[in-house]
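Here are some short exercises on charged side chains, each with a worked solution. Keep the viewer open and try each task before reading on.

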Amino acid sequence: MKSITAKILAFAAVGVVLKCVAPATAKAQGILGGHVTGNVQFDGQLSKRDTIIGSSDVPEKLLTNARADILYTNGNFSAGLRYEAYLGPMLGFNSQYTGQGIANYFVSYKTQTFAVTAGHFYEQFGSGMTLRAYEDRYLGLDNALRGVNVTYRPWKGVTLKGLVGQQRYFWDTKGLVRGMDAEVSFNDIISAWSESKTRFSLGGSFVSKYEEDETILADVSGFKLNLPKNVAASSVRMDLNRGGFGLQAEYAFKSQDPSIVNNYIYKNGDALWLSASYSQKGLSANIQAKRVDNMGFKSVRSISGEMLYINYTPSITKQHTYAFLSMYPYATQSTGEMGLQADFMYKFKKESLLGGKYGTDIHLNASLIKGLDTTIVGGKGTEGYTSTFFGTGETYYGDLSLEVAKKFSSKVKLTATYGYVVFNPVVEGHAGDIHHNHVAIADLTWKINRKNVLRFEAEWMGSDSHYDPIVDDKRCGDWIMGLVEYNFTSAWFVSVSDQYAYKDGVGNYYNLSVGYTKGATRLQVGYGKQREGIICIGGVCRNVPASNGLTFSLTTSF
């Protein structure tokens, strides 16, 4: 209890200090002729044992994640650092984050033609299929590179990049990554095209990793695998636009890269991503397609999990925000998948038959992801399998959603949504039948006046899945949900919600949240139950264990 009390007092002290110090800091932002900005985030959680939902005892009752980012800028020069403290990490975050210290630091100098960053940096080449160094604090993912990153623009329309560094691995760095990227905008370098309505650019990248050989034995023979010390990935991409039309494409290739991701096979990898779009006032449409085959690319071959990925496979499924539509999020399968997504949005004009006085918005989205059509030719130490380019295997995921948003007056708006989700547990490494879920949602917002807003949300999900204690997937069954949220005085909000598995499922997950915002500072406290499941952002996921207790969060910036 002593440690819990100390943390709560520290949390309160942080709020007081920030409130008192921030104005003084703002006045002192002319340090050495430069400008200082920053932000602070402090999250905490208390959880207790709950045998019904499956939450277990936590030895350290109060778990905390905290960070402070400080940025100094002076003309073309900038420098920054981030201090992080995980004491101990909140549920769902890797225990290897436990500790505190300066996790990120850099110095940078930028002009219109030249930029160099030394220290930690984030970078992406094209869509990310060869390289994407990024951070997502809500997923507990940070694969920043620590090294040197250079950008050079020798002529208008030409951008060259080069980098070398090691990836962050919790409180350490691992691997060695080198990369180059080039992009050319032909409308900028060809004077005759400068006024053309057609915009066209080409790009390409090359990324390699170096890793010492190690002893990995073949499954049956006992012979040691001859592992490549250098693995390369390259890509070419294009971007074509004219008026409201757009076409983007990227193809990536990776050399032999036996690793824990692909069970140490020697098959080359490749990926193709296509996107076509059209937009005009009140209308937009987009279709995306991709094929990924053995494109898992890590700086350390023997480490599993989401850390140390050099590249990123773009997700082409909609990132749903409603609870039941996002209950079964899709995790991108870098080992192999084919997918297709179509997205359509239309606004019926005001005063039209379907638009009425305020107009009506519709949003239709559909996606389908399937495995590859493969033939096994061997195990560890072999090519592993062959695949046909256009052939498909089993269904991994599919969804269809139709959303209609209608304003009935200047104060009342209703959004109604229907969704259908097909989910194969194999993408999460589990056995079981494919789930088929129907979801219906009603979301009503009432703007009482300028400072007071009331929102009601009701959801229903019907599923052919049934809870099995052996598999212990608590998302199964039929569910209902209700939420009421009240924002008042433009500073306070309170929300109450409950999710209940009323048939073939298990669990009743209620939650009460209260929040307060003043200027750049926001405080939120919640109490209730969190269902065990998976959180995914852009196809990258992390497991979230069940919890029952208190959560709180403080964020501020200056």
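## Charges on the surface and inside

**Exercise 1.** Find the residues that form a positive surface patch, and classify Lys-413 by accessibility.

*Solution.* In this predicted model, the positive surface patch consists of Lys-350, Lys-407, Lys-413 and Lys-447. Next, locate Lys-413: it sits in strand β21, residues 412-423. Its relative accessibility is 37%. Partly exposed covers the range between 20% and 50%, so Lys-413 counts as partly exposed.

**Exercise 2.** Examine the salt bridge between Arg-168 and Glu-84 and decide whether each partner is buried or exposed.

*Solution.* Start with the distance: the side chains meet at 3.0 Å, N to O. Then place the partners: Arg-168 belongs to strand β11 (residues 158-169) and Glu-84 to strand β3 (residues 77-86), and the pair links distant parts of the chain, 84 residues apart. Now apply the cut-off for buried, under 20% relative accessible area. Arg-168 has 3%, so it counts as buried; Glu-84 has 1%, so it is buried too. Finally, look at the surroundings: both residues belong to a salt-bridge network that also includes Arg-67, Asp-69, Arg-82, Glu-135 and Asp-142.

**Exercise 3.** Work out which parts of the chain are tied together by Glu-123 and Lys-161.

*Solution.* The closest N and O atoms of this salt bridge are 3.2 Å apart. Glu-123 lies in strand β6 (residues 123-125) and Lys-161 in strand β11, so the pair joins parts 38 residues apart in sequence. As for accessibility, Glu-123 is buried at 11%, whereas Lys-161 is partly exposed at 22%.

Conventions. Residues are numbered from 1 along each chain as its sequence is written. This is a predicted model: local features need pLDDT of at least 70, side-chain atom pairs count only at pLDDT 80 or more; totals for chains, interfaces and linings use all residues. Side-chain values use heavy atoms; hydrogens and water are left out. Patches are made of residues with over 30% relative accessible area and no salt bridge: like charges are joined within 9 Å, nonpolar side chains (Val, Leu, Ile, Met, Phe, Trp, Tyr) within 5 Å. Accessible areas come from the Shrake-Rupley method with a 1.4 Å probe; for residues, only the protein chains shown count as cover. A salt bridge is a side-chain nitrogen of Lys or Arg within 4 Å of a carboxyl oxygen of Asp or Glu. Lys and Arg count as positive and Asp and Glu as negative; His and the chain ends are not counted. The place of a charge is taken as NZ of Lys, CZ of Arg, CG of Asp or CD of Glu. Helices (H or I, at least four residues) and strands (E, at least two) are DSSP runs, numbered from the N terminus. Buried means under 20% relative accessible area, exposed over 50%, partly exposed in between (1.4 Å probe, protein chains only).
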